[in-house]
Amino acid sequence: MHQAGAERLRKTLVERRGDIDWEWVVNQGVRHRTLPLIGYNVKKFRLYRSTLGDIELIPNHWVFTSVFEGNRRRNEELRAEFGRILAALNETGVRYAIRKGPLLCERLFPDPGARRTNDFDLLVTSAGAREVSAVLADQGYKQGLLSTDGQVRPYKRSTRAFWGLHVNNALPFIKATTASGVEAFLVDLCLSILPERDRRVVGSEEFLARAVPVVSCGVDAFALSPADELLDLCQHLYKEADASFYISAGRDIALSKFIDVASAVALADQDTLTTFVERAKHYDIVRNVYYAISHTAEFYRDVVPAWLVEQLRPEGDLSYLDEHGHLEGNVRSWQSGFVERAFGSDRTSAVEEGGSVPLA
């Protein structure tokens with residue numbers, strides 16, 4: 001948010017004072033993972049104060065600013081831990097590229113506390129995954145679930161077998177911690193950022209070949225190229241918006257994901273956006289990418305250029321935009337529009353169960 005936008009919002013807060021359901025705002029901020037960003041803007045622009053006098057525009061505004069400050073401390077702990085992992089990986093010479101997480105906090109957001117980060121995602125090759133797994137084991141990580149006593153319980157054999165056969169990610173690595181605001185450190189290893197096509201997977205090799213040097217978590221590292229990063233953000237957004245597993249968990253539509261896409265588009269130059277469109281077509285994921293870009297444009301029309309939306313518009317019927325279950329082969333139509341779904345609370349009733357990916 002810039003100063004002019006903040007003043008427009010302040011004017012709205014003055015005009016609507018007493019009419020805003022702040023409990024709804026907090027609940028939406030939690031569900032959309034935007035409370036830290038709201039808190040950052042509330043603090044930076046003092047949105048709780050009116051220029052007309054000593055009027056409190058946001059009741060209990062400390063709720064927002066405290067979440068922001070707590071998230072900043074939490075992200076500092078994550079940054080230090082993930083920096084140690086990157087330093088250890090660099091010593092092995094294994095190829096990798098950072099996805100999302102702390103890299104987005106550093107590159108796309110105005111303050112390290114403005115975006116909530118959960119885990120550390122790395123794109124690796126199948127051979128590289130074994131090397132990275134060894135490094136993580138040396139760092140105290142295990143593949144399993146955190147139990148109530150703080151110990152890591154190994155995944156069931158059936159879960160390990162299912163992931164080995166059907167999922168393009170390694171089972172999550174976890175390490176318990178007493179760090180401030182962090183229950184556990186999580187690391188995900190991804191073997192491909194693209195969807196499986198007829199049991200064939202476009203692996204990570206060509207994306208890693210285009211990886212670019214960056215400094216992340218205070219350490220020299222490698223990240224996806226800007227065009228590939230935007231492709232990854234869009235594909236990730238669509239995958240979670242479409243899948244029953246995420247819908248049933250209420251994690252399918254989160255404004256934070258659209259903010260990531262909008263921020264990446266805003267940072268990209270013309271060449272990057274052109275390359276992004278070309279690669280979406282090359283990898284045959286235009287429908288998926290268009291879902292992310294077109295809906296992001298609904299929220300941030302001043303950020304996403306109209307030509308980009310048009311370049312990505314797929315031929316034929318666009319009814320898939322109001323459907324879910326394509327990635328699982330169980331397509332169903334939504335009974336409400338996108339914006340209503342985004343801010344409604346009954347999406348989970350649209351699926352009968354939480355999908356078929358075991359996590360136990």
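This passage describes a pocket, a helix, several strands and some single residues in a predicted model.

The second largest pocket comes first. Its volume is about 1,700 Å³. A total of 41 residues line the second largest pocket. Those nearest its centre are Met1, Leu9, Leu37, Asn41 and Tyr300. Four elements each give two or more residues to this lining: helix H1 (3-15), helix H2 (22-31), helix H3 (35-44) and helix H11 (255-267). H3 gives the most, with six residues. Sorted by class, the lining of the second largest pocket holds 25 nonpolar residues, nine polar residues and seven charged residues.

Helix H3 deserves a closer look. Seven of its 10 residues are buried, so H3 is largely enclosed by the rest of the structure. The buried residues are Leu35, Pro36, Leu37, Gly39, Tyr40, Asn41 and Val42. Leu37 and Asn41 were named above among the residues nearest the centre of the second largest pocket. An α-helix has 3.6 residues a turn, so residues three or four places apart point the same way. The buried residues of H3 pack against three helices: H2, helix H4 (62-92) and H11. Arg46 follows H3 and has a positive phi, near 50°.

Helix H11 also contains Asp260. Is Asp260 buried or exposed? Asp260 is buried, because its relative accessible area is 6%, and the cut-off for a buried residue is under 20%. Setting aside neighbours within four places in sequence, Asp260 is in contact with Leu104, Leu108, Phe109, Arg115 and Leu233.

The strands are taken next. Strand E4 (residues 120-123) is covered on both faces. Phe120 and Leu122 are buried on one side. Asp121 and Leu123 are buried on the other. E4 pairs with strand E3 (residues 97-99) in the antiparallel sense, over three bridges. In this pairing, Arg99 stands opposite Asp121 of E4. E4 is also joined to strand E8 (residues 184-190). Here the two strands run parallel, with four bridges between them. Leu122 of E4 stands opposite Leu189 in E8.

Strand E5 (residues 142-146) has partners of its own. Two bridges join E5 to strand E7 (residues 173-176), and these strands run antiparallel. Gln143 stands opposite Phe173 in E7. Three bridges join E5 to strand E6 (residues 152-154), again in the antiparallel sense. Leu145 stands opposite Arg153 in E6. E5 and E6 form a hairpin with five residues between the strands. In this hairpin, Gly150 takes a positive phi near 85°.

Positive phi values also appear outside glycine. Most residues other than glycine have a negative phi, and most peptide bonds are trans. Asn60 departs from the usual sign, with a positive phi near 55°. Where is Asn60 found? Asn60 sits in the loop between strand E2 (53-56) and H4. Its relative accessible area is 46%, so Asn60 counts as partly exposed. Cys217 is not a glycine either, yet it has a positive phi of about 55°. Cys217 lies in the loop between strand E9 (212-216) and strand E10 (219-223). Cys217 is buried, with a relative accessible area of 7%.

The cysteines complete the picture. A disulfide is a covalent bond between the sulfur atoms of two cysteines. How many disulfides does the structure hold? The structure holds zero disulfides. Cys217 is in none, and the nearest cysteine sulfur, that of Cys105, is 9.0 Å away. The cut-off for a disulfide is a pair of sulfur atoms within 2.5 Å. Cys234 gives a second case. The cysteine sulfur closest to that of Cys234 belongs to Cys190 and is 15 Å away, so it is too far for a bond. Cys234 counts as buried, because its relative accessibility is 0%.

Conventions:
Residues are numbered from 1 along each chain as its sequence is written. This is a predicted model: local features need pLDDT of at least 70, side-chain atom pairs count only at pLDDT 80 or more; totals for chains, interfaces and linings use all residues. Side-chain values use heavy atoms; hydrogens and water are left out. On a 1 Å grid over the protein atoms alone, a cavity is a set of points where a 1.4 Å probe fits but cannot get out, and a pocket is an open set with protein on both sides within 12 Å along at least five of seven lines; lining residues have an atom within 4 Å of a point. Grid points are joined across faces, edges and corners, and a volume is the space filled by probe spheres set on the points. Ala, Val, Leu, Ile, Met, Phe, Trp, Tyr, Cys and Pro count as nonpolar, Asp, Glu, Lys and Arg as charged, and the others, Gly among them, as polar. Buried means under 20% relative accessible area, exposed over 50%, partly exposed in between (1.4 Å probe, protein chains only). Contact means heavy atoms within 4.5 Å. Two strands pair if DSSP finds at least two bridges between them.
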